[in-house]
Amino acid sequence: NVAVSNRRNAGLVVMRDEAGSDETAPAPARISRRAMLSNAVAVCASALVLESMPAIAASVTDKTKGNQLLRSLGLEEQNVPSGFGLIVTKIKPDAVVSFVHPSGWLLNEEVDLAIDRPRLDKSRPKGKSIVRAAEYRKAEEVGVFLDDAGSASTVEDVSNRTLLDILTGEGATDAKIISRVALEPNRQLITGKFVTVTDAAYAFDRRLIAVATVVGGRLFICAGEATDKRYKKSTGALLETSVRSFQVAKGVLI
């Protein structure tokens, strides 16, 4: 059974196994039983954390191949407007997300974001990001964010506070949800605003727009943001096109 909502990676963990030997290496030091138990607990805890993190299985950015992938999964093809690109991302174990984004924006999966641009770095918690496209020079972006839905069975059950925590992050002030409009059951178009204060104490008024849904016990959000001035001038329309294109499906074979 495939659960589909028409229209937010955790980090991708890469582990390397490095093997080698050194004939002159000293004999290993003896480890106490308490230290061994402590190490074992730490390893188990790490394993539990990694197990709970959704990992990107693959991403497709070619329009034709992306729509072929969507068709093969029994999902609706994306209508990609002129001036936009397409991203289709498979998330282990059984979810797929897709959306269109302005062409020329830098596309990054969360694993590539160890070094981020400062004006966007404070915008939201990185740990909830799956993939995003950004115009860093103008501090504009759109991306998909993922969180546990908790007791919410639909997006209507998700509080404004929860949405703001995901969409604005800890560096934001004066955050407010402006509107929540139902596009269909369990699918909302959300707008909001907040202020980001940089390390140099400069404050920027910012606007956000998002489409959110709950699928398979997880809250999926496709959200865009820009400065208030650019949002009203031109970027707002681009971001709305992006978030309205958002698709998520859970229960697919990856």
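In these exercises, a residue counts as buried when its relative accessible area is under 20%, as exposed when it is over 50%, and as partly exposed in between, computed with a 1.4 Å probe on protein chains only. The model is predicted, and local features need pLDDT of at least 70, side-chain atom pairs count only at pLDDT 80 or more, while totals for chains, interfaces and linings use all residues. Residues are numbered from 1 along each chain as its sequence is written, and side-chain values use heavy atoms, with hydrogens and water left out.

**Exercise 1. Establish what the confidence values say about the model, including residues 6–29.**

Step 1. The pLDDT is the predictor's confidence in each residue, on a scale from 0 to 100; its mean over the protein is 77, and 68% of the residues reach 70 or more.

Step 2. Over residues 6–29 the pLDDT is below 50, and this stretch has 50 contacts in the model beyond near neighbours in sequence, where contact means heavy atoms within 4.5 Å.

Step 3. Residues 110–119 also have pLDDT below 50, and for this stretch 22 contacts are found beyond near neighbours in sequence.

**Exercise 2. Describe the two faces of helix H2 and the residues at its ends.**

Step 1. Helices (H or I, at least four residues) and strands (E, at least two) are DSSP runs, numbered from the N terminus; in H2, which spans residues 63–72, the buried residues are Gly66, Asn67, Leu69 and Leu70.

Step 2. Seen down the axis of H2, these buried residues fall within an arc of 155°, so they line one face of the helix; the arc is that of the directions from the helix axis to the C-beta atoms.

Step 3. Lys65 and Ser72, on the other side of H2, are exposed.

Step 4. At the start of H2, a side-chain oxygen of aspartate 62 comes to within 3.1 Å of the backbone nitrogen of threonine 64, and just after the helix glycine 74 takes a positive phi of about 75°.

**Exercise 3. Work out how strand S3 is covered and how it is joined to S4.**

Step 1. Eight of the eight residues of S3 are buried. Phe84, Leu86, Val88 and Lys90 lie on one side, with Gly85, Ile87, Thr89 and Ile91 on the other, so that both faces are covered.

Step 2. Two strands pair if DSSP finds at least two bridges between them; S3 and S4 run antiparallel and are joined by eight bridges, and isoleucine 91 has alanine 95 of S4 as its bridge partner.

Step 3. The connection between S3 and S4 is a hairpin through three residues.

**Exercise 4. Examine strand S6, its hairpin with S7, and the positive phi of alanine 139.**

Step 1. Seven of the seven residues of S6 are buried, so the strand is largely enclosed by the rest of the structure. Glutamate 135 is found in this strand and is buried, with a relative accessible area of 12%; leaving aside its neighbours within four places in sequence, glutamate 135 is in contact with Trp105 and Glu140.

Step 2. Six bridges join S6 to S7, and the two strands run antiparallel; alanine 133 has valine 142 of S7 as its bridge partner.

Step 3. Four residues lie between S6 and S7 in their hairpin. Alanine 139, in the loop between these strands, has a positive phi of about 55° although it is not a glycine, and is buried with a relative accessible area of 0%.

Step 4. For comparison, aspartate 174 is located in strand S8, residues 172–184; this residue has a positive phi of about 50° although it is not a glycine, and is exposed, with a relative accessible area of 61%.

**Exercise 5. Identify the nonpolar cores and the packing of helix H4.**

Step 1. A nonpolar core is a set of buried Ala, Val, Leu, Ile, Met, Phe, Trp, Tyr and Cys residues joined through side-chain atoms within 4.5 Å. The largest has 24 residues, of which Val142, Val144, Phe220 and Phe246 touch the most other members.

Step 2. Among the elements that give two or more residues to this core are S3, S4, S6, S7 and helix H5 (228–244). A second, separate core of 20 residues includes Phe145, Ala152, Val158 and Val214.

Step 3. In H4, residues 160–168, the buried residues are Leu163, Leu164, Ile166, Leu167 and Thr168; seen down the helix axis they fall within an arc of 165°, so they line one face.

Step 4. These buried residues of H4 pack against S7, S8, strand S9 (187–197), S10 and S11.

Note on methods. A polar contact is a pair of N or O atoms within 3.5 Å; within protein, one must be able to donate a hydrogen and the other to accept it, and residues adjacent in sequence count only if both atoms are side-chain atoms.
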